[in-house]
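Welcome, and please open your viewer. We will take a short walk with a few stops, and at each one you will be told what to select.

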Amino acid sequence: MIQRQTEPYRWEGVDVYPYKEDGTHFKTITRQTLFKGCDDMPVEFRYFEVGAGGHSTLERHQHSHVVLVINGSGEVLVGDEVSPIGMHDLIKVPPLTWHQFRATKGETLGFLCLVATDRDKPQRPGEPEIEELHENDTVATFIRH
């Protein structure tokens, strides 16, 4: 099976959805599910696009995932490190690790994300976790919640 690209960062038969159904803990981000898994490959392959100045949710979960940047650049928080990211960078997010993606360079940040189909729901930080994250000045300046 081939799923053809119909225009830049859009694929045949794949709908573009809001990142999440509701909430104010993210900004200017969409998602597309390119592959929904099958019996011998229980993974989802998704494309997220963060508009200039946008960001994903600050979250963690019990599952790990891998992200590959294929459009633009920005920054990412993984654990207690904030790093610049750009085309073809591969980001590994371990289980139960706080992470957030931001399009910080005035351009779109687009990335592919591979996760298991059977996974837990994301956890958002409460006040104690926010206080702990704010102990690191670089992280405190970066995060949006």
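Begin by selecting V66, which counts as partly exposed at 31% relative accessibility. Keep in mind as you look around that this is a predicted model. V66 is part of strand β6, which covers residues 65–72.

Which residues make a nonpolar surface patch with V66? Add F45, L90 and L114 to your selection: together with V66 they form a patch of about 300 Å².

**Step back to the whole chain**

Now show the full chain as a cartoon and colour it by secondary structure. You should find 2 helices and 11 strands. Following the chain from the N terminus, the elements run β-β-β-β-β-β-β-β-β-β-β-α-α. The radius of gyration is 15 Å, close to the 15 Å that the globule rule gives for 145 residues, so the chain is as compact as a globular protein of that length.

Turn the model along its principal axes, and the C-alpha atoms fill a box of roughly 50 × 35 × 30 Å. If you switch on a surface, the accessible area of the chain is about 8400 Å², with 48% of that belonging to carbon and sulfur atoms. Buried residues account for 39% of the 145 residues. Contacts also reach along the sequence: of those between residues at least 6 apart, 63% join residues at least 24 apart.

**Next stop: Q32**

Select Q32, in strand β4 (residues 27–35). Is Q32 buried or exposed? Its relative accessibility is 1%, and since buried means under 20%, Q32 counts as buried.

Show side chains here and look for the backbone oxygen of Y9, which the side chain of Q32 reaches at 2.9 Å. Leaving aside residues up to four places away in sequence, Q32 touches Y9, R10, W11, V14, D15, V16, F45, R46 and Y47. You have met one of these before: F45 also belongs to the nonpolar patch with V66.

**Last stop: T97**

Finally, select T97 in the loop between β9 (90–93) and β10 (99–102). Although T97 is in a loop, it counts as buried, at 13% relative accessibility.

What does the side chain of T97 reach? Display the backbone of P95 and you will find its oxygen 3.1 Å from the side chain of T97. To see the surroundings, add E59, R60, V78 and G79, which T97 touches when residues up to four places away in sequence are not counted.

Definitions and conventions: Residues are numbered from 1 along each chain as its sequence is written. This is a predicted model: local features need pLDDT of at least 70, side-chain atom pairs count only at pLDDT 80 or more; totals for chains, interfaces and linings use all residues. Side-chain values use heavy atoms; hydrogens and water are left out. Helices (H or I, at least four residues) and strands (E, at least two) are DSSP runs, numbered from the N terminus. Buried means under 20% relative accessible area, exposed over 50%, partly exposed in between (1.4 Å probe, protein chains only). A polar contact is a pair of N or O atoms within 3.5 Å; within protein, one must be able to donate a hydrogen and the other to accept it, and residues adjacent in sequence count only if both atoms are side-chain atoms. Contact means heavy atoms within 4.5 Å. Patches are made of residues with over 30% relative accessible area and no salt bridge: like charges are joined within 9 Å, nonpolar side chains (Val, Leu, Ile, Met, Phe, Trp, Tyr) within 5 Å. Accessible areas come from the Shrake-Rupley method with a 1.4 Å probe; for residues, only the protein chains shown count as cover. A salt bridge is a side-chain nitrogen of Lys or Arg within 4 Å of a carboxyl oxygen of Asp or Glu. The radius of gyration is taken over C-alpha atoms; the globule rule is 2.2 Å times the number of residues to the power 0.38.
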